[in-house]
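Let's take a relaxed look at one protein model and see what its parts are doing. Keep the picture at hand as you read.

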Amino acid sequence: MAKVTKDTMIGELLQIDENVAPMLLNIGMHCLGCPSSQMETIEEAAMVHGIDPDDLVNDINDFIEHDATA
């Protein structure tokens, strides 16, 4: 199972687990479909949206782990 880091690109994250998209949309990241967001890191996206990048990475990894076992 893939683990993401702050340096993981949003486009790569969505390839790892596309089911994470609703979680990101719910925290205000509505730009997921924008081509420029695909080349943005999780850390960059978090900072733009006023979210702690470390907390976001932990939440994403928890989600991916749970989604993989569901």
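## Helix H4, end to end

Count 1.5 Å for each residue and the 17 residues of H4 should span 24 Å; the C-alpha atoms at its ends are 24 Å apart, so the two agree. That expected span is 1.5 Å times one less than the number of residues. Helices here are DSSP runs (H or I, at least four residues), numbered from the N terminus.

Before going on, a word about where this comes from: this is a predicted model, where local features need pLDDT of at least 70 and side-chain atom pairs count only at pLDDT 80 or more, while totals for chains, interfaces and linings use all residues. Residues are numbered from 1 along each chain as its sequence is written, and side-chain values use heavy atoms, leaving out hydrogens and water.

## Two faces of H4

Which residues of H4 are buried? They are Pro 53, Leu 56, Val 57, Ile 60, Asn 61 and Ile 64. Buried means under 20% relative accessible area, exposed means over 50%, and partly exposed is in between (1.4 Å probe, protein chains only). These buried residues cover an arc of only 130° around the axis, which means they sit on the same side of H4. The arc is taken from the directions that run from the helix axis to the C-beta atoms. An α-helix has 3.6 residues a turn, so residues three or four places apart point the same way.

The buried residues of H4 pack against helix H1 (10-16), helix H2 (21-26) and helix H3 (42-48), with contact meaning heavy atoms within 4.5 Å. On the face turned away from the buried side you'll find the exposed residues Asp 62, His 66 and Thr 69. His 66 has a relative accessible area of 56%.

## Asn 61 and its partner

Asn 61 belongs to helix H4 (residues 53-69) and is buried, at 9% relative accessible area. A polar atom of the Asn 61 side chain lies 2.8 Å from the backbone nitrogen of Val 4.

## A pair of cysteines

How many disulfides does a search of the whole structure find? Zero. A disulfide is counted when two cysteine sulfur atoms are within 2.5 Å. For Cys 31, the nearest cysteine sulfur is that of Cys 34, 6.4 Å away. Cys 31 is partly exposed, with a relative accessible area of 29%, and Cys 34 also counts as partly exposed, at 31%.

Key:
Helix = DSSP H or I, 4+ residues; strand = E, 2+ residues; numbered from the N terminus. Polar contact = N/O pair within 3.5 Å; in protein donor to acceptor, adjacent residues only side chain to side chain.
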